[in-house]
Amino acid sequence: MVLQSFKNCLWLSCVLRTPKACFWSAASGDLIIQSVSNDIYQNLAVEDWIHDHMDLEKQQILFLWRNSPAVVIGRHQNPWQECNLRLLRQKNIKLARRRSGGGTVYHDLGNVNLTFFTTRKKYERMGNLELVVKALKALRPQLDVRVTDRYDILLDGQYKISGTAAKLGRTSAYHHCTLLCNADKFVLSSVLKSPYKGLKSNATPSVPASVKNLFEEDASLTSEMVLDAIAKEYAVQHQINHHITLINPADETLLPGISSKTKELETWEWVYGKTPKFSISTCLNIAYKDSVLDVKVNMDVKHGRIEVCNIELPEHWLPPGLHSELVKSLTGSKFCPNETTTLVTTLLRVCPQDDELHSRWSLLCENMIRLM
Amino acid sequence: VCIHRVRSCSSIRFIKSKYVCVFDKSAFKFSHQQRLFRTSPVSCGQIVQFKLSDIGEGITEVTVKEWYVKEGDSVSQFDSICEVQSDKASVTITSRYDGVIRKLHYSIDDIAFVGKPLVDIEIDASKGVAPEEDVVETPPMSHEEHTHQEIKGHKTLATPAVRRLAMENNIKLSEVVGTGKDNRILKEDILNYLAKQTGAILPPSPRGEMVPPLRRTEAVPAAKDKARKVPAPLSRPIAFSGKDRTEPVTGFQKAMVKTMSAALKIPHFGYCDEIDLTQLVQLREELKPIAEIRGVKLSFMPFFIKAASLGLLQYPILNASLDENCQNVTYKASHNIGVAMDTEQGLIVPNVKNVQVCSVFEIAVELNRLQSLGSAGQLGTSDLTGGTFTLSNIGTIGGTYAKPVILPPEVAIGALGKIQVLPRFNGRGEVFKAQIMNVSWSADHRIIDGATMARFSNLWKSYLENPASMLLDLK
């Protein structure tokens, strides 16, 4: 029933304040919810929570969310392969690993995320994406948007405006996708370019694509309009009120256990430690005094830690004891620039106090750190 | 007491103690008090080939990305077995059976086929049948004991009764939020979970009600308590299922072990004193707003650091380094004063370079820079090397006196306690409120003697107690 009469209402600011404890159980029929938070970890935790705790047999859910700048890699990807980690650290852009598969994406407030929660049996990505396309066309009929068989949405037949990923559990499933409305394309392309050479890995690779923002086609559009159009179309297809309920991902009474889910997503062990085993084989060309040194480095990294480390230096460039000390200390250590910096500078305290030696050590270590 | 079963079935399997433990796990853990009788006849565990079920969307093959179990692990129904990926979808495969993993049919990155076997699970025939057949003779406190299983980090704490309730209702324990101690799953949690599934409206149960363990809610009502005498003292052992956790010492921690071991080879002596910072506190209050306008947070450290540098000009041996064989002392020209910082990783000591040519304000600017880099985990190698003298402001966390450890290759270190407001006598014999801070110095007794340390400390103290005197000697 319903929908036309609600056409006027419901921008996102209209919220039905249901008593929290009854919220999930009282709502009957499918739900449209939106996060008030722009924190990538909190929002990913909401997806986890719904996936683990909600009985989607009773109600399917559409979840709308946006994040402040972040790079999100897929469950089985390698962040070193996918993005420029140095740049991320410099620009204070967060790195998150989601639980669904697929490739790497850049989020900022100009990107809208949609998650479709269903039971495992009702999991159907094409239908969801067609819903989005239908909504966009209803909003602006002249938009040339269509779904491809790789589950992307293309604008003008060539620009990717949406990427998809999914997570399936025993009884529940979710399909989420991005939608580029007004994201910073310049930052996007620079952070998604990996500078790291010599990486060999079986991690899922991303497929790069040319992107475009929806708003470049029609500057009168806003994120609110897009979200509302999608919510409206979902409401029509699911025969419910066109009504978006705001939820706060920090609300422990509404979502018991959510803060520990959020914390887990932020840990180094999840973000970096879940990287599938990979190896680095490269040659550092270090300019020293009047010559250039060739230093061959080979490392195996498992669970984000250096499992095997080999550094081939010109003979006696460093005293052999020191060389083996460096290799021994790096083995088992996190493949992380901060950890390595503190490690090598601390080790320097127990080396012979020789300026020449110190400068060689620092030079070598700084180049090693640049690999991370 | 563990019960060994002799197997006489045709499959060629001998008893391994591990094998027996799996089935009598609960008996093993609390073996003093509990004995397990099986009423069903002993038989071989049946090996079932668990096939990869349909993923949907017509997908026929997936890539195995991560195993959550290995051969020999025991699994319960609904525990996660592995993670597979297909065309941007990541799928968690869960077990349909209780049993022991006997074979993994694929390695990481292999392609697995829908409908083909994924793992072989040995189902315990007696366990596979309804649990009511087990007759468990337990001591009175059995409800306190809990069994837990660990499969690659998925740990669920719940009493046997709660586990049975979950099983009967087809609930996966890892999907239930435990609100008891240590996230233990209580009966109420199962009921709450069920209510959510059926759509029943439950009033929110505040956490406080969850805390008393299951057992006490079955206790007699209050009225009868009066008739009771003094409650009987604890006569049963307290079941504690916590486990020790061993981790290797790696990376930065390993380096600290080396450094600290070397440091303790240095013969340390200590020297402590009390500094009256009343005037400095006032001075800082006046200067803080000026620094703020310039965009800098001004703490006490820039003053302590500058005063130390002025002292080192008079006593340069404290800014020196002794070589390994103790043959030569090198007097360092630069005063690179290290500031100990507490971060997530542990203690790191970046240093402010060339304090001897820096103003107090410049030191404050540099400190701000090092502090923000330190908290972001982005300090560079040059920030962390080259230090010649260290101050550790442990007082920001707490404490008065300390016994700091010298950081090689330096020869001295100072630990600053917290600033306390204490009563002191002034020159006229009157009591006044003084801002007192304690300093604890440690120095290398091979080349530093007590008198030198004392004189340096006195000079440093006089600069801080009477900040105007710093003006005379500032370069």
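How many residue pairs are in polar contact across the interface of chain A and chain B? The rule finds 26 such pairs, with both residues at pLDDT 80 or more. Keep in mind on this tour that the model is predicted.

**Stop 1: the two chains together**

Colour chain A and chain B separately and look at where they touch. On one side, 58 residues of chain A are in contact, and they meet 55 residues of chain B. The area buried between the two chains is about 4,800 Å², and carbon and sulfur atoms give 49% of that area. Now select H76(A), R170(A) and R349(A). These residues lose the most area to chain B within chain A, together 16% of what that side buries.

Stay with R349(A) and add E410(B) to the selection. The two form a salt bridge, with the closest N and O atoms 3.6 Å apart. The count between chain A and chain B is seven salt bridges.

Next, show chain A as a cartoon. Several elements give two or more residues to the side that touches chain B: the helices α1 (20-26), α2 (40-53), α11 (320-330), α12 (337-348) and α13 (355-369), and the strand β10 (164-168). Select α12(A), since it is the place to start: the largest share of this side, 10 residues, comes from α12(A). If you colour this side of chain A by residue class, you should find 17 nonpolar, 20 polar and 21 charged residues.

**Stop 2: a strand pair across the interface**

Select β10(A) and then residues 89-94 of chain B, which make up strand β6. The two strands pair in the parallel sense over three bridges. To see one partner pair, pick A166(A), whose bridge partner in β6(B) is A89(B).

Move back along chain B to D87(B). This residue is in the loop between β5 (80-86) and β6 of chain B. What is the phi of D87(B)? It is positive, about 45°, although D87(B) is not a glycine. Most residues other than glycine have a negative phi.

**Stop 3: the rest of chain B**

Colour chain B by domain: domain 1 covers 46-123, domain 2 covers 160-196 and domain 3 covers 268-472. The C-alpha centres of domain 1 and domain 3 of chain B are separated by 60 Å.

Then select P408(B) and P409(B). The peptide bond that joins them is cis, with omega about 5°. Most peptide bonds are trans. P409(B) is found in the loop between β20 (389-392) and β21 (412-416) of chain B.

**Stop 4: the two domains of chain A**

Hide chain B. The domain assignment divides chain A into domain 1 (31-272) and domain 2 (278-371), and their C-alpha centres lie 39 Å apart. Their contact takes 12 residues from domain 1 and 14 residues from domain 2.

Between them the two domains bury about 1,100 Å², 56% of it on carbon and sulfur atoms. Select W80(A), R86(A) and W268(A): they supply 46% of the area that domain 1 buries against domain 2, more than any other three residues.

How many salt bridges are there between domain 1 and domain 2 of chain A? The count is zero. The rule does find three residue pairs in polar contact there, both residues being at pLDDT 80 or more. On the domain 1 side, α4 (85-90) and β12 (199-201) of chain A each give two or more residues. The largest share, three residues, comes from β12(A). By class, this side has five nonpolar, three polar and four charged residues.

How values were computed:
Residues numbered from 1 in each chain as written. Chains lettered and ligands numbered in written order. Predicted model: local features only at pLDDT ≥ 70, side-chain atom pairs only at ≥ 80, totals over all residues. Heavy atoms only, no water. Contact = heavy atoms within 4.5 Å. Buried area = accessible area lost by both parts, 1.4 Å probe. Salt bridge = Lys/Arg side-chain N within 4 Å of Asp/Glu carboxyl O. Polar contact = N/O pair within 3.5 Å; in protein donor to acceptor, adjacent residues only side chain to side chain. Helix = DSSP H or I, 4+ residues; strand = E, 2+ residues; numbered from the N terminus. Nonpolar A, V, L, I, M, F, W, Y, C, P; charged D, E, K, R; others polar. Pairing = 2+ DSSP bridges. Domains from an automatic or database assignment.
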